[in-house]
Amino acid sequence: MFKHSQLESVKAWLAHPAHAAMPLHARIQRAIRQMILDGALGSGKPLPASRALAASLGVSRDTIESAYTQLHAEGFIERRVGSGSFVAEMTEFTLGLRRSRRDALMRNQAPNLSKRGAAMFNGGGVRSMLTPRPFTHGIPETRTFPIQLWERLERQVLKDYGTKALLHGDPQGAEPLRRTIADYVNLERGARATADRVLVLTSSQQAMMLCANMLLDPGDRIFIEDPAYHGARKAFDAAGLECVPVQVDRQGIVVELIMDDPRGAKAVSLTPSHQFPTGAKLALDRRLALIEWAARRQAWLMEDDYDSEFHYSGKPTACVQGLDPHDRTIYIGTFTKSLFPSLRIGYVVLPPQLVKPMTVARTLLDGHTAQIPQLTLARFMDGGHFGAHIRTMRGIYAERLEALTSLVEQHLSAFVEARVPMGGLQMPCVLTCDLSERAVIEAGRRVGIELFGLSALHASDNAKAGFLMGFAAYTPEELEVAVKKLADVLRSTVQHKAG
(Lines give C-alpha, C1' and ligand atoms only; values in the text may rest on other atoms or scores of the structure.)
Protein backbone atom coordinates (compact mmCIF):
# COMPACT_ATOMS: atom_id res chain seq x y z
CA MET A 1 0.00 0.00 0.00
CA PHE A 2 0.90 3.65 -0.30
CA LYS A 3 2.32 5.42 2.71
CA HIS A 4 -0.24 7.58 4.46
CA SER A 5 1.29 10.78 3.01
CA GLN A 6 1.15 9.36 -0.52
CA LEU A 7 -2.47 8.31 -0.14
CA GLU A 8 -3.28 11.79 1.13
CA SER A 9 -1.60 13.29 -1.96
CA VAL A 10 -3.89 11.27 -4.23
CA LYS A 11 -6.93 12.31 -2.18
CA ALA A 12 -5.87 15.95 -2.47
CA TRP A 13 -5.76 15.62 -6.26
CA LEU A 14 -9.26 14.15 -6.23
CA ALA A 15 -10.63 16.95 -4.06
CA HIS A 16 -8.83 19.92 -5.62
CA PRO A 17 -11.32 22.28 -7.38
CA ALA A 18 -8.88 22.84 -10.25
CA HIS A 19 -9.19 19.18 -11.23
CA ALA A 20 -12.98 18.97 -10.95
CA ALA A 21 -13.49 18.80 -14.72
CA MET A 22 -11.34 15.64 -15.04
CA PRO A 23 -12.84 12.18 -14.75
CA LEU A 24 -12.01 10.35 -11.53
CA HIS A 25 -9.65 7.87 -13.18
CA ALA A 26 -7.73 10.76 -14.85
CA ARG A 27 -7.27 12.54 -11.52
CA ILE A 28 -5.93 9.38 -9.90
CA GLN A 29 -3.66 8.71 -12.89
CA ARG A 30 -2.28 12.27 -12.81
CA ALA A 31 -1.71 12.15 -9.06
CA ILE A 32 0.28 8.91 -9.27
CA ARG A 33 2.20 10.16 -12.32
CA GLN A 34 3.19 13.33 -10.46
CA MET A 35 4.47 11.31 -7.49
CA ILE A 36 6.59 9.26 -9.90
CA LEU A 37 7.91 12.42 -11.60
CA ASP A 38 8.75 13.98 -8.22
CA GLY A 39 10.62 10.85 -7.14
CA ALA A 40 8.21 10.13 -4.28
CA LEU A 41 7.61 6.76 -5.95
CA GLY A 42 10.99 5.39 -7.04
CA SER A 43 11.72 2.93 -9.82
CA GLY A 44 10.64 -0.61 -9.04
CA LYS A 45 8.35 0.41 -6.16
CA PRO A 46 5.07 -1.56 -6.00
CA LEU A 47 1.73 0.18 -6.38
CA PRO A 48 -1.25 -0.84 -4.24
CA ALA A 49 -3.51 -3.54 -5.61
CA SER A 50 -6.40 -1.99 -7.51
CA ARG A 51 -8.98 -3.44 -5.08
CA ALA A 52 -7.16 -2.08 -2.01
CA LEU A 53 -6.59 1.38 -3.51
CA ALA A 54 -10.22 1.58 -4.62
CA ALA A 55 -11.33 0.84 -1.06
CA SER A 56 -8.97 3.46 0.39
CA LEU A 57 -10.16 6.15 -2.01
CA GLY A 58 -13.82 5.19 -1.97
CA VAL A 59 -14.03 4.64 -5.75
CA SER A 60 -14.78 1.63 -7.93
CA ARG A 61 -12.13 -0.90 -8.85
CA ASP A 62 -12.79 -0.13 -12.54
CA THR A 63 -11.76 3.49 -11.92
CA ILE A 64 -8.40 2.35 -10.50
CA GLU A 65 -7.94 -0.11 -13.37
CA SER A 66 -8.50 2.69 -15.89
CA ALA A 67 -5.89 4.86 -14.14
CA TYR A 68 -3.36 2.01 -14.04
CA THR A 69 -4.03 1.16 -17.71
CA GLN A 70 -3.24 4.74 -18.74
CA LEU A 71 -0.08 4.84 -16.61
CA HIS A 72 1.04 1.57 -18.20
CA ALA A 73 0.34 2.89 -21.70
CA GLU A 74 2.45 5.99 -21.01
CA GLY A 75 5.35 3.85 -19.74
CA PHE A 76 5.21 4.98 -16.12
CA ILE A 77 4.36 1.59 -14.63
CA GLU A 78 4.81 -2.08 -15.43
CA ARG A 79 2.06 -4.67 -14.86
CA ARG A 80 3.16 -8.20 -14.06
CA VAL A 81 0.68 -11.04 -14.12
CA GLY A 82 0.35 -12.55 -10.68
CA SER A 83 2.64 -9.91 -9.09
CA GLY A 84 0.89 -6.57 -9.48
CA SER A 85 1.86 -3.11 -10.73
CA PHE A 86 5.30 -1.48 -10.27
CA VAL A 87 6.91 1.85 -11.14
CA ALA A 88 8.78 1.25 -14.40
CA GLU A 89 12.58 0.91 -14.20
CA MET A 90 13.03 2.62 -17.55
CA THR A 91 11.83 5.95 -16.20
CA GLU A 92 14.69 6.51 -13.77
CA PHE A 93 17.08 8.38 -16.06
CA THR A 94 14.34 10.51 -17.61
CA LEU A 95 12.86 11.39 -14.24
CA GLY A 96 16.23 12.20 -12.77
CA LEU A 97 16.93 14.46 -15.72
CA ARG A 98 13.61 16.21 -15.30
CA ARG A 99 14.18 16.64 -11.59
CA SER A 100 17.73 17.91 -12.09
CA ARG A 101 16.50 20.47 -14.64
CA ARG A 102 13.76 21.60 -12.30
CA ASP A 103 16.15 21.76 -9.35
CA ALA A 104 18.65 23.72 -11.44
CA LEU A 105 15.95 26.25 -12.31
CA MET A 106 14.99 26.56 -8.67
CA ARG A 107 18.60 27.00 -7.57
CA ASN A 108 19.11 29.81 -10.08
CA GLN A 109 16.09 31.75 -8.87
CA ALA A 110 16.77 34.65 -6.52
CA PRO A 111 15.72 33.56 -3.02
CA ASN A 112 12.95 35.57 -1.39
CA LEU A 113 14.85 36.41 1.80
CA SER A 114 14.29 38.97 4.52
CA LYS A 115 16.71 41.89 4.79
CA ARG A 116 18.44 40.14 7.66
CA GLY A 117 18.50 36.85 5.73
CA ALA A 118 19.95 38.57 2.68
CA ALA A 119 22.65 40.17 4.82
CA MET A 120 23.60 36.78 6.26
CA PHE A 121 23.63 35.10 2.86
CA ASN A 122 25.47 37.88 1.03
CA GLY A 123 28.04 38.05 3.82
CA GLY A 124 29.16 34.56 2.84
CA GLY A 125 29.09 33.15 6.36
CA VAL A 126 32.19 32.00 8.18
CA ARG A 127 33.59 28.95 6.47
CA SER A 128 35.92 26.39 7.99
CA MET A 129 37.90 23.84 6.04
CA LEU A 130 36.85 20.30 6.91
CA THR A 131 40.35 19.05 6.13
CA PRO A 132 42.80 21.88 6.80
CA ARG A 133 45.79 22.32 4.54
CA PRO A 134 48.77 24.64 5.00
CA PHE A 135 48.39 27.49 5.89
CA THR A 136 44.78 27.46 7.08
CA HIS A 137 44.64 29.86 10.03
CA GLY A 138 43.01 29.42 13.42
CA ILE A 139 43.34 25.62 13.45
CA PRO A 140 45.00 23.91 16.43
CA GLU A 141 47.02 20.71 16.28
CA THR A 142 44.65 17.81 16.99
CA ARG A 143 46.93 14.84 16.27
CA THR A 144 48.63 15.16 19.66
CA PHE A 145 45.41 15.60 21.64
CA PRO A 146 45.14 13.07 24.54
CA ILE A 147 42.11 11.37 23.06
CA GLN A 148 42.36 8.23 25.22
CA LEU A 149 42.27 10.38 28.34
CA TRP A 150 39.24 12.23 26.98
CA GLU A 151 37.49 8.92 26.24
CA ARG A 152 38.18 7.69 29.79
CA LEU A 153 36.72 10.86 31.30
CA GLU A 154 33.69 10.60 29.03
CA ARG A 155 33.11 7.02 30.20
CA GLN A 156 33.28 8.23 33.79
CA VAL A 157 30.65 10.86 33.03
CA LEU A 158 28.33 8.25 31.50
CA LYS A 159 28.87 5.91 34.44
CA ASP A 160 28.24 8.60 37.05
CA TYR A 161 25.34 10.39 35.38
CA GLY A 162 23.78 7.44 33.55
CA THR A 163 20.79 8.26 31.40
CA LYS A 164 20.51 11.73 32.99
CA ALA A 165 23.36 12.77 30.70
CA LEU A 166 21.10 11.97 27.73
CA LEU A 167 18.39 14.44 28.71
CA HIS A 168 18.04 18.12 27.93
CA GLY A 169 20.65 20.25 29.62
CA ASP A 170 20.52 23.59 31.39
CA PRO A 171 20.38 26.26 28.64
CA GLN A 172 22.86 28.33 30.67
CA GLY A 173 25.28 25.40 30.67
CA ALA A 174 26.17 22.51 32.96
CA GLU A 175 26.91 23.91 36.42
CA PRO A 176 30.20 21.97 36.89
CA LEU A 177 31.55 23.45 33.66
CA ARG A 178 30.35 26.98 34.44
CA ARG A 179 32.05 26.79 37.83
CA THR A 180 35.28 25.50 36.26
CA ILE A 181 35.26 28.18 33.56
CA ALA A 182 34.78 30.91 36.17
CA ASP A 183 37.71 29.59 38.21
CA TYR A 184 39.86 29.37 35.11
CA VAL A 185 39.27 32.87 33.74
CA ASN A 186 39.65 34.38 37.21
CA LEU A 187 43.00 32.69 37.75
CA GLU A 188 44.47 32.83 34.25
CA ARG A 189 42.89 35.95 32.75
CA GLY A 190 42.29 38.14 35.78
CA ALA A 191 38.53 38.14 35.20
CA ARG A 192 35.76 38.79 37.72
CA ALA A 193 33.53 35.78 37.08
CA THR A 194 31.21 33.52 39.02
CA ALA A 195 29.45 30.38 37.80
CA ASP A 196 26.08 32.17 37.70
CA ARG A 197 27.50 34.77 35.27
CA VAL A 198 28.81 32.21 32.77
CA LEU A 199 26.69 31.22 29.75
CA VAL A 200 27.98 28.17 27.87
CA LEU A 201 27.45 28.37 24.10
CA THR A 202 28.64 26.46 21.05
CA SER A 203 31.15 29.07 19.85
CA SER A 204 32.39 32.62 20.12
CA GLN A 205 30.59 33.27 16.83
CA GLN A 206 27.28 32.39 18.47
CA ALA A 207 28.17 34.74 21.31
CA MET A 208 28.70 37.64 18.90
CA MET A 209 25.45 36.90 17.09
CA LEU A 210 23.61 36.90 20.43
CA CYS A 211 25.20 40.18 21.52
CA ALA A 212 24.49 41.85 18.19
CA ASN A 213 20.82 40.91 18.24
CA MET A 214 20.07 41.25 21.95
CA LEU A 215 21.92 44.46 22.79
CA LEU A 216 21.61 46.57 19.66
CA ASP A 217 18.87 47.47 17.19
CA PRO A 218 19.23 47.60 13.39
CA GLY A 219 20.89 50.87 12.49
CA ASP A 220 22.75 51.23 15.80
CA ARG A 221 26.44 52.05 15.56
CA ILE A 222 29.17 49.74 16.79
CA PHE A 223 32.90 50.46 16.71
CA ILE A 224 35.04 47.63 15.34
CA GLU A 225 38.78 47.30 14.95
CA ASP A 226 40.26 47.90 11.51
CA PRO A 227 41.49 45.32 10.63
CA ALA A 228 39.10 43.01 12.49
CA TYR A 229 38.07 39.39 12.75
CA HIS A 230 35.79 38.84 9.74
CA GLY A 231 33.33 36.66 11.71
CA ALA A 232 32.57 39.54 14.08
CA ARG A 233 31.97 42.02 11.29
CA LYS A 234 29.69 39.58 9.47
CA ALA A 235 27.68 38.96 12.64
CA PHE A 236 27.16 42.70 13.11
CA ASP A 237 26.35 43.28 9.44
CA ALA A 238 23.78 40.49 9.56
CA ALA A 239 22.11 42.16 12.56
CA GLY A 240 21.78 45.36 10.55
CA LEU A 241 24.27 47.34 12.63
CA GLU A 242 26.35 50.23 11.33
CA CYS A 243 29.94 49.07 11.73
CA VAL A 244 32.32 51.99 12.27
CA PRO A 245 35.95 50.92 11.65
CA VAL A 246 38.60 52.30 14.00
CA GLN A 247 42.30 52.25 13.19
CA VAL A 248 44.62 49.87 15.06
CA ASP A 249 48.24 50.75 15.83
CA ARG A 250 50.99 49.07 17.85
CA GLN A 251 49.04 49.74 21.08
CA GLY A 252 45.75 48.37 19.82
CA ILE A 253 42.58 50.20 18.84
CA VAL A 254 42.97 54.00 18.74
CA VAL A 255 40.51 55.00 21.42
CA GLU A 256 40.66 58.75 20.72
CA LEU A 257 38.49 58.15 17.66
CA ILE A 258 35.90 56.53 19.92
CA MET A 259 36.01 59.16 22.69
CA ASP A 260 35.19 61.93 20.21
CA ASP A 261 32.18 60.12 18.71
CA PRO A 262 29.28 62.60 18.46
CA ARG A 263 26.67 60.11 17.23
CA GLY A 264 26.31 57.83 20.22
CA ALA A 265 27.64 54.39 19.33
CA LYS A 266 26.21 51.61 21.48
CA ALA A 267 29.17 49.19 21.62
CA VAL A 268 32.80 48.44 20.81
CA SER A 269 34.01 45.06 19.59
CA LEU A 270 37.66 44.39 20.34
CA THR A 271 40.36 41.74 20.75
CA PRO A 272 42.51 43.52 23.35
CA SER A 273 44.79 40.71 24.54
CA HIS A 274 45.96 39.74 21.07
CA GLN A 275 44.47 41.88 18.31
CA PHE A 276 43.32 39.93 15.27
CA PRO A 277 45.20 39.87 12.95
CA THR A 278 48.01 42.29 13.94
CA GLY A 279 48.78 40.73 17.33
CA ALA A 280 48.90 44.12 19.08
CA LYS A 281 48.07 44.32 22.78
CA LEU A 282 45.71 47.06 23.89
CA ALA A 283 47.62 49.46 26.17
CA LEU A 284 46.41 49.81 29.77
CA ASP A 285 45.52 53.51 29.48
CA ARG A 286 43.36 52.73 26.44
CA ARG A 287 41.63 49.87 28.29
CA LEU A 288 40.77 52.17 31.17
CA ALA A 289 39.57 54.89 28.79
CA LEU A 290 37.23 52.44 27.04
CA ILE A 291 35.85 51.22 30.37
CA GLU A 292 35.02 54.77 31.47
CA TRP A 293 33.54 55.61 28.05
CA ALA A 294 31.26 52.57 28.18
CA ALA A 295 30.10 53.45 31.71
CA ARG A 296 29.46 57.07 30.78
CA ARG A 297 27.57 56.21 27.57
CA GLN A 298 25.90 53.05 28.96
CA ALA A 299 27.48 51.24 26.02
CA TRP A 300 28.90 47.72 25.83
CA LEU A 301 32.43 46.39 25.38
CA MET A 302 32.51 43.00 23.61
CA GLU A 303 35.86 41.45 24.49
CA ASP A 304 36.81 38.48 22.31
CA ASP A 305 39.67 36.65 24.03
CA TYR A 306 39.92 34.13 21.18
CA ASP A 307 43.38 32.55 21.69
CA SER A 308 44.79 34.13 24.83
CA GLU A 309 46.20 30.78 26.02
CA PHE A 310 48.96 30.87 23.42
CA HIS A 311 51.58 33.56 24.03
CA TYR A 312 55.23 33.01 23.18
CA SER A 313 57.03 36.11 24.46
CA GLY A 314 56.31 38.41 27.39
CA LYS A 315 53.53 37.92 29.89
CA PRO A 316 49.86 37.69 28.91
CA THR A 317 47.80 40.80 29.65
CA ALA A 318 44.83 40.60 32.01
CA CYS A 319 41.45 40.87 30.34
CA VAL A 320 39.44 44.09 30.17
CA GLN A 321 36.48 42.49 31.95
CA GLY A 322 38.51 42.09 35.13
CA LEU A 323 39.31 45.82 35.14
CA ASP A 324 35.71 46.96 34.61
CA PRO A 325 33.94 47.87 37.88
CA HIS A 326 30.84 49.03 36.00
CA ASP A 327 29.86 45.67 34.46
CA ARG A 328 29.73 46.96 30.89
CA THR A 329 32.12 44.33 29.47
CA ILE A 330 31.07 41.02 27.93
CA TYR A 331 33.92 38.52 27.92
CA ILE A 332 33.87 35.91 25.13
CA GLY A 333 35.99 32.76 25.09
CA THR A 334 36.14 29.44 23.25
CA PHE A 335 37.70 25.99 23.57
CA THR A 336 37.71 25.23 19.84
CA LYS A 337 41.21 26.70 19.41
CA SER A 338 42.71 25.58 22.70
CA LEU A 339 41.44 21.99 22.38
CA PHE A 340 39.78 20.89 19.12
CA PRO A 341 37.29 22.46 16.66
CA SER A 342 34.58 19.79 16.79
CA LEU A 343 34.15 20.26 20.55
CA ARG A 344 31.82 23.21 19.83
CA ILE A 345 31.98 24.76 23.27
CA GLY A 346 32.39 28.47 23.81
CA TYR A 347 31.22 30.76 26.59
CA VAL A 348 30.52 34.30 27.69
CA VAL A 349 30.99 35.91 31.09
CA LEU A 350 28.07 38.31 31.34
CA PRO A 351 27.15 41.30 33.47
CA PRO A 352 24.55 40.07 36.03
CA GLN A 353 21.64 41.91 34.39
CA LEU A 354 22.24 40.15 31.04
CA VAL A 355 22.34 36.54 32.25
CA LYS A 356 18.60 35.82 32.11
CA PRO A 357 17.86 37.66 28.83
CA MET A 358 20.82 36.04 27.05
CA THR A 359 19.96 32.58 28.38
CA VAL A 360 16.35 32.88 27.23
CA ALA A 361 17.48 34.11 23.81
CA ARG A 362 19.90 31.22 23.53
CA THR A 363 17.01 28.75 23.92
CA LEU A 364 15.59 30.07 20.64
CA LEU A 365 18.81 29.24 18.79
CA ASP A 366 19.75 25.70 19.81
CA GLY A 367 18.33 25.07 23.26
CA HIS A 368 21.53 24.10 25.01
CA THR A 369 25.04 22.82 24.43
CA ALA A 370 25.46 19.04 24.38
CA GLN A 371 25.63 17.73 27.95
CA ILE A 372 28.20 14.93 27.69
CA PRO A 373 31.00 17.07 26.15
CA GLN A 374 30.35 19.78 28.76
CA LEU A 375 30.65 17.38 31.67
CA THR A 376 33.69 15.72 30.13
CA LEU A 377 35.38 19.10 29.63
CA ALA A 378 34.65 20.05 33.24
CA ARG A 379 36.50 16.94 34.44
CA PHE A 380 39.30 17.53 31.95
CA MET A 381 39.82 20.99 33.43
CA ASP A 382 39.27 20.06 37.08
CA GLY A 383 41.83 17.25 36.78
CA GLY A 384 44.54 19.67 35.63
CA HIS A 385 44.63 18.13 32.16
CA PHE A 386 43.58 21.32 30.39
CA GLY A 387 46.43 23.31 31.89
CA ALA A 388 48.92 20.55 31.09
CA HIS A 389 47.68 20.35 27.50
CA ILE A 390 47.95 24.12 27.06
CA ARG A 391 51.51 24.17 28.38
CA THR A 392 52.48 21.33 26.01
CA MET A 393 50.86 22.95 22.99
CA ARG A 394 52.32 26.35 23.81
CA GLY A 395 55.81 24.85 23.52
CA ILE A 396 54.93 23.02 20.28
CA TYR A 397 53.38 26.12 18.72
CA ALA A 398 56.32 28.32 19.72
CA GLU A 399 58.64 25.87 17.95
CA ARG A 400 56.47 25.89 14.87
CA LEU A 401 56.26 29.68 14.80
CA GLU A 402 60.03 29.87 15.02
CA ALA A 403 60.34 27.34 12.20
CA LEU A 404 57.87 29.22 9.99
CA THR A 405 59.58 32.54 10.65
CA SER A 406 62.92 31.07 9.59
CA LEU A 407 61.45 29.40 6.50
CA VAL A 408 59.71 32.58 5.36
CA GLU A 409 62.94 34.53 5.76
CA GLN A 410 64.87 31.88 3.86
CA HIS A 411 62.47 31.18 0.99
CA LEU A 412 59.89 33.98 0.76
CA SER A 413 61.85 37.13 1.62
CA ALA A 414 61.65 38.26 -2.01
CA PHE A 415 57.87 38.32 -1.78
CA VAL A 416 56.76 39.11 1.77
CA GLU A 417 57.72 40.66 5.08
CA ALA A 418 56.69 38.57 8.08
CA ARG A 419 55.06 40.25 11.08
CA VAL A 420 56.04 37.80 13.79
CA PRO A 421 53.31 37.69 16.47
CA MET A 422 53.84 37.35 20.22
CA GLY A 423 51.07 34.75 20.37
CA GLY A 424 48.23 33.09 18.52
CA LEU A 425 47.99 30.43 15.84
CA GLN A 426 48.84 32.44 12.70
CA MET A 427 51.40 34.88 11.38
CA PRO A 428 50.53 37.84 9.13
CA CYS A 429 52.76 38.54 6.14
CA VAL A 430 52.73 41.76 4.11
CA LEU A 431 53.44 41.56 0.39
CA THR A 432 56.56 43.39 -0.78
CA CYS A 433 56.53 42.24 -4.42
CA ASP A 434 54.53 43.33 -7.47
CA LEU A 435 52.06 40.46 -7.24
CA SER A 436 48.53 41.26 -6.12
CA GLU A 437 47.05 39.63 -3.07
CA ARG A 438 44.50 37.81 -5.22
CA ALA A 439 47.22 36.48 -7.54
CA VAL A 440 49.21 35.13 -4.60
CA ILE A 441 46.18 33.45 -3.02
CA GLU A 442 45.16 31.85 -6.32
CA ALA A 443 48.73 30.71 -6.98
CA GLY A 444 48.80 29.04 -3.57
CA ARG A 445 45.53 27.22 -4.19
CA ARG A 446 46.90 25.79 -7.43
CA VAL A 447 49.46 23.85 -5.38
CA GLY A 448 47.19 22.96 -2.45
CA ILE A 449 48.06 25.87 -0.15
CA GLU A 450 45.43 27.97 1.63
CA LEU A 451 46.17 31.62 2.40
CA PHE A 452 43.72 34.13 3.89
CA GLY A 453 44.06 37.63 2.44
CA LEU A 454 44.61 40.51 4.85
CA SER A 455 42.53 42.92 2.78
CA ALA A 456 39.36 40.97 3.66
CA LEU A 457 39.93 41.95 7.30
CA HIS A 458 40.13 45.70 6.56
CA ALA A 459 37.26 48.10 6.09
CA SER A 460 39.49 50.81 4.63
CA ASP A 461 40.80 50.76 1.06
CA ASN A 462 44.37 51.62 2.00
CA ALA A 463 45.06 48.26 3.68
CA LYS A 464 48.39 46.65 3.02
CA ALA A 465 48.10 43.56 0.84
CA GLY A 466 49.19 40.30 2.40
CA PHE A 467 47.96 37.09 3.96
CA LEU A 468 47.77 35.03 7.13
CA MET A 469 49.86 31.90 7.52
CA GLY A 470 48.47 29.45 10.05
CA PHE A 471 51.22 27.35 11.62
CA ALA A 472 49.78 25.60 14.67
CA ALA A 473 48.33 22.54 12.91
CA TYR A 474 51.46 21.69 10.89
CA THR A 475 54.78 20.15 11.88
CA PRO A 476 58.04 21.93 11.02
CA GLU A 477 58.56 19.36 8.25
CA GLU A 478 55.11 20.04 6.82
CA LEU A 479 55.72 23.77 7.04
CA GLU A 480 59.01 23.42 5.17
CA VAL A 481 57.40 21.48 2.32
CA ALA A 482 54.56 24.00 2.05
CA VAL A 483 56.78 27.10 2.19
CA LYS A 484 59.05 25.73 -0.54
CA LYS A 485 56.04 24.85 -2.66
CA LEU A 486 54.65 28.37 -2.20
CA ALA A 487 58.01 29.93 -3.04
CA ASP A 488 58.22 27.90 -6.26
CA VAL A 489 54.75 28.81 -7.43
CA LEU A 490 55.27 32.51 -6.62
CA ARG A 491 58.54 32.54 -8.58
CA SER A 492 56.86 30.97 -11.58
CA THR A 493 53.96 33.43 -11.27
CA VAL A 494 56.36 36.39 -11.28
CA GLN A 495 58.21 34.97 -14.30
CA HIS A 496 54.96 34.39 -16.16
CA LYS A 497 53.86 37.94 -15.40
CA ALA A 498 57.19 39.34 -16.62
CA GLY A 499 57.03 37.25 -19.79
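**Exercise 1. The hairpin**

Work out how strand S1 (residues 77-80) and strand S2 (residues 84-87) pair, and over how many bridges.

*Solution.* Keep in mind that this is a predicted model. Start with the pairing: S1 and S2 run antiparallel and share four bridges. Next, pick out a partner pair: Ile-77 sits opposite Val-87 in S2. Then look at the link, where three residues separate the two strands of this hairpin. In that turn, Gly-82 has a positive phi of about 85 degrees.

**Exercise 2. The eight-stranded sheet**

Find the strand order of the open sheet of eight strands, then say which strands stand at its edges.

*Solution.* A quick reminder: strands of a sheet pair through backbone hydrogen bonds, either parallel or antiparallel. Here the order reads S3-S10-S9-S8-S7-S4-S5-S6, and the pairing is mixed. Now check the ends: strand S3 (198-201) and strand S6 (252-253) each have a single partner strand, so one side of each has no neighbour in the sheet. Zoom in on the S6 end, where S5 and S6 pair in the antiparallel sense over two bridges. The bridge partner of Asp-249 there is Gly-252 in S6. Finally, add the helix: H10 (residues 230-238) lies across strand S4 (221-226), S5, strand S7 (267-270) and S8, and runs at about 160 degrees to S4.

**Exercise 3. The four-stranded sheet**

Do the same for the open sheet of four strands, and find the helix that lies across S11, S12 and S14.

*Solution.* The strands line up as S11-S12-S14-S13, with antiparallel pairing. Strand S11 (416-418) and strand S13 (452-453) are the edge strands with a single partner each, so one side of each is left without a neighbour in the sheet. S13 meets strand S14 (residues 466-470) over two bridges, and Phe-452 stands opposite Leu-468 in S14. The helix is H15 (residues 385-411), which crosses S11, strand S12 (426-431) and S14 at about 15 degrees to S12.

**Exercise 4. An aromatic pair**

Classify the ring pair of Phe-310 and Tyr-397, and say which parts of the chain it ties together.

*Solution.* The structure has 14 aromatic pairs. For Phe-310 and Tyr-397, the ring centres are 5.0 Å apart and the planes are at 70 degrees, so the pair is edge-to-face. Now place the residues: Phe-310 is in the loop between strand S8 (300-304) and strand S9 (329-334), while Tyr-397 belongs to helix H15, so the pair ties together parts 87 residues apart in sequence.

**Exercise 5. Pocket and cavities**

Describe the linings of the second largest pocket, the largest cavity and the second largest cavity.

*Solution.* Take the pocket to begin with: the second largest one holds about 710 Å³ of space. Its lining has 23 residues, with Val-248, Asp-249, Arg-250, Thr-278 and Arg-419 nearest the centre. By class that makes 11 nonpolar, six polar and six charged residues. Strand S5 (242-249) gives the most, three residues.

Move on to the five cavities of 30 Å³ or more. The largest has a volume of about 120 Å³. Among its 14 lining residues, Ser-273, His-274, Lys-281, Ser-308 and His-311 are closest to the centre, and the lining divides into three nonpolar, eight polar and three charged.

The second largest cavity comes to about 90 Å³. Its lining includes Met-208, Ile-224, Glu-225 and Asp-304, and S4, H10 and S7 each supply at least two residues. The class split for this lining is six nonpolar, two polar and three charged.

Terms used
Residues numbered from 1 in each chain as written. Predicted model: local features only at pLDDT ≥ 70, side-chain atom pairs only at ≥ 80, totals over all residues. Heavy atoms only, no water. Pairing = 2+ DSSP bridges. Contact = heavy atoms within 4.5 Å. Axes fitted to C-alpha atoms, helices over the stretch in contact; angles between N-to-C directions. 1 Å grid on protein atoms, 1.4 Å probe; cavity = no way out; pocket = protein on both sides within 12 Å on 5 of 7 lines; lining within 4 Å. Points joined across faces, edges and corners; volume = space filled by probe spheres on them. Nonpolar A, V, L, I, M, F, W, Y, C, P; charged D, E, K, R; others polar. Phe/Tyr/Trp six-rings, centres within 6.5 Å; stacked < 30°, edge-to-face > 60°.
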